[in-house]
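Please look over the sequence and the model below before reading on. The report that follows treats confidence, strands, one helix, and the contacts between chains.

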Amino acid sequence: MGEDMVKQDVVIKKKYKKRSQIKSIMFRYKKNKLAMVGFVMFIIMIIIAISADLIVDYEIDAVTQNMKERLQTPNSEHVFGTDEYGRDIFARIIFGARISLFVGLITISLSLTGGAIIGATAGYYGGRIDNVLMRIMDIFLAIPSILLAISIVAALGTGIFNLLLAMSISQVPRFARIVRSSILTVKGQDFIEAAKACGTKDSRIIIKHIIPNAIGPIIVQATLTMASTILTISSLSFVGLGIQSPTPEWGSMLSDGKKQMRYYPHLVIIPGIAIMLAVMSLNLIGDGLRDALDPRLKN
Amino acid sequence: MLKFIFKRLMMIIPVILGISFIIFSIMALTPGDPARLMLGENATQEDVEKLREEMGLNDNFVVRYFNYMKDVIRGDFGISYRNRIPVFDEVFARFPNTLVLAFWGISLSVMIGVPIGIISAVKQYSIIDTVSLGVALILTSIPAFWLGLMLILLFSLKLDLLPSTGVETWKHFILPSVTLAAGTMATLIRMTRSTMLEVIRQDYIRTARAKGATENRIIFKHALRNALLPVITIIGINFGFQLGGAMVIETVFAMPGLGTLMITSVRLKDTPMVMASVLFVAIAVSLVNLLVDLLYSYIDPRIKSQYAKS
Amino acid sequence: MSEKLLEIENLYVEYETDEEIVKAVNGLNLIINKGETLGLVGETGAGKSTTALSIMKLLPEKVGIIKDGSIILGDINITKASDADMRLLRGNSISMIFQDPMTSLNPILTIGEQISEVLELHNKEMKKEDISKRVDEILELVGLPKERKAEYPHQFSGGMKQRVVIAIALACEPKLLLADEPTTALDVTIQAQVLEMMADLKEKLNTSMILITHDLGVVAQTCDRVAIMYAGEIIELGTDKDVFESENHHPYTTGLFGSIPDLTKATKRLNPIDGLMPDPTDLPIGCAFHARCPKCMDICKKNKPKEIKKGSHMIKCHLY
């Protein structure tokens, strides 16, 4: 307590006086240089993914084999070189960004929806429903997510849709937990009791009061989940259970390049760096958001 | 205390049942006929039908699950659909490799990650802090299998210092362990740093300062043990991830472990093999978590008295 | 009779963060004599705790900065003392009791360990048995059975924890005790017990005490002199007689008394002081209280009032 409290009181008072909550979060986020770097990196990645077709041709450059030009190291015509089938690595990296982003975003949407429904039900109704749902989530959490994803892919067959489903299912418990705990913290508070006392409907309480309070941690988790999804998808593709060649996915590019690694290290170095940068940008955003949402944590 | 341990052991059972049921269900959904798999493409439809009946494959899959679990409790994990060898022998032969890998992965990450995290927190905003946070950031963003490939590229292919595949000697475990440790180490650096910073702000640290204690004493006697509590939990949770991560890393280094076994078995629809591997992993993870809980109560008197009561 | 123990002169303390500078203490002057108890009264945010932390030199690192002034204890200049010197003083010559006993004790060390630590730190040559004996003594002194020294903080109630905190603070028989709202977090019934015990011990050990509180009742009960703080300054200072019984007061003090419910009179409402403390990042020119003062004059908005002394009574106001 003591002065820290006093100082915080003052800061809080000022915050309400000068700017709204969202503005002050944005202000703190913008001041965080690393977080801004991550944000810019992510925006660039999105632009590349969207405009991939304008830069290179999918069929000609990224997919079609061209044995005459195989295994070139980076040069002026192929900036990142070519792979063992003569495909341009630069083109494949660019289209790989599209796939990673796509998988990441869909996975987040699916797992967030699933997690929100389960977590909200568990947290809001409590009691036995909560117990049963959360025990099931715990069991899912106890299975290493990559194992779960591998089994689901094996059961349903490889393919982008099954992959998305597998990834989403393995991420649901995380979101369910966050949503549930946000609800539990908010639920006990007086303003919810007050709303209930006024006869407010459950659905309205959830939409008006609980979701705005839970949104912060959910966004943070969403960015971090997207990072780990990109990692997992490339891992799955690497062991041959994810996206299959010739579709240009970073993990499968690594898997293809592994055989030639000794003499053509660029085959594995470049896709790896692409994954690293994508994941890092999301991690930076996630960390930056977390610090901006709760400045106390950053110290 | 014994009562608590017993209670916790009992709690593992439903978790294991749950996990095994989920995996069993998923495997049952997998297309393809195990009997056909065992007999090969040239077998007659009659033979396949006969084997299906023998193996009980025509039963409802819930019944099959219970039959399977009954056998498991008797110690019979079945035979592989693939090569008809007893599953238990195969799993048991490979399990030590995965355990050794996971053990070294965890140990290395703790031995390096925790001290760096502490130094980072104590010297907040110093160069050491910035560098270690930067390294942690990079390591969390690197896919483990890629790090493995890069290490192979450097230490095996270019420098020819360490073997890249196999499990024959302790040298074979160096690169995989380092690869596996990297991610957890990064998590531990960040976790230790942030809990340490959190603890340093507590009132009782101020009390210790007000007593006239030196900074070293404050860190080691007052802050460290309190800060390590959440870190230990993370280590426990991470053990599961370690085993999951080991699956991919074993593939990179072509190690005969549970991970490679699981991946190939899943692809080949070898249900008994998958089930046995999953059960082994689940039990190992549960036991490690129990161990973590006990360690926790050893460090935190509040938890200890809670256990003593229950 | 009175011998000076601590003298604070013209103290300025600021908290500097990335976003702003909080001026917590602004030109504070204070003298504490040997054996006396001074009550430091004021609203939340008036700078009371900051003053105490400055004396201990325990302001938050890099953020809390002593800008100007001096704090002198006996023949030691605290503002200039090194970290090592301060460590010798803390817990030994100056002790501090913090507001919240619930969080002031380390949850993973026994209370015996926590009390003996301060003894070990300041009595390097003391033997183990002697320390253990002394711990028993102190526990007895604060009214706790010595058998409980092997127990952990969570096994004690709030009042008992505060007794432990007091035991730690008094273990080395300090010359000066800083008590930062020592009873605020406790039940009312326990409050009286703890206060009484502190007053007793202080008497026994001949310790001076600064008692920080916003409870005027507590002050009347225990203090020899009273200082009223507002926006980082002492605006009125005197013996408890001066402050509680004399005619002349700073308007803020009058306001404080006016906001205490009087059980003997039938009033419908309390009379709180209107408005809020000035923003410590942006203090007004002139008297810090002028915006809320019912007797505000033109000069109050321009010039800072000087300290006006009448005997033992000091008031910082243009009215006098």
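## Strands of chain C

C:Glu16 has C:Ile21 of β2(C) as its bridge partner. This is a predicted model, in which local features need pLDDT of at least 70, side-chain atom pairs count only at pLDDT 80 or more, and totals for chains, interfaces and linings use all residues. Residues are numbered from 1 along each chain as its sequence is written, while chains are lettered from A and ligands numbered from 1 in the order in which they are written. Helices (H or I, at least four residues) and strands (E, at least two) are DSSP runs, numbered from the N terminus. Two strands pair if DSSP finds at least two bridges between them.

Strand β1 (residues 4–16) of chain C runs antiparallel to strand β2 (residues 21–33) of chain C, and 10 bridges join them. The link from β1(C) to β2(C) is a hairpin of 4 residues. β1(C) also pairs with strand β4 (residues 64–73) of chain C, in the antiparallel sense, over 8 bridges. In that pairing, C:Tyr12 has C:Asp68 of β4(C) as its bridge partner.

## Confidence

The model scores ipTM 0.84 and pTM 0.79. The predictor's confidence in each residue is its pLDDT, from 0 to 100. Chain C averages a pLDDT of 85, and 97% of the residues score at least 70. For chain B the average is 83, with 98% of the residues at 70 at least. Within chain B, the lowest mean, 68, belongs to helix α13 (residues 301–309), and the highest, 90, to helix α6 (residues 127–141). Where pLDDT is low, the predicted coordinates should not be read in detail.

## A helix of chain A

Helix α7 (residues 127–142) of chain A has 16 residues and reaches 22 Å from its first C-alpha to its last, close to the 22 Å expected at 1.5 Å a residue. The expected span is 1.5 Å times one less than the number of residues. The buried residues of α7(A) are A:Met137, A:Ile139, A:Phe140 and A:Ala142. A residue is buried if 20 or more other C-beta atoms lie within 10 Å of its own, exposed if 12 or fewer, and partly exposed in between, with C-beta atoms placed from the backbone. Among what covers these buried residues are α6 (89–125) and α9 (160–187) of chain A, and α1 (2–29) of chain B.

## Contacts between chains

Two residues are in contact if their C-beta atoms, placed from the backbone, lie within 7 Å. Ala, Val, Leu, Ile, Met, Phe, Trp, Tyr, Cys and Pro count as nonpolar, Asp, Glu, Lys and Arg as charged, and the others, Gly among them, as polar.

The contact of chains A and B takes 30 residues from chain A and 34 residues from chain B. On the chain A side, α8(A) gives the most, with 8 residues. The contact of chains B and C takes 18 residues from chain B and 24 residues from chain C. On the chain B side, α9(B) gives the most, with 7 residues.

| Side | Nonpolar | Polar | Charged |
|---|---|---|---|
| Chain A, touching chain B | 21 residues | 7 residues | 2 residues |
| Chain B, touching chain C | 5 residues | 6 residues | 7 residues |

## One residue of chain B

B:Arg267 lies in helix α11 (residues 258–268) of chain B. Is B:Arg267 buried or partly exposed? B:Arg267 is partly exposed, because 16 other C-beta atoms lie within 10 Å.
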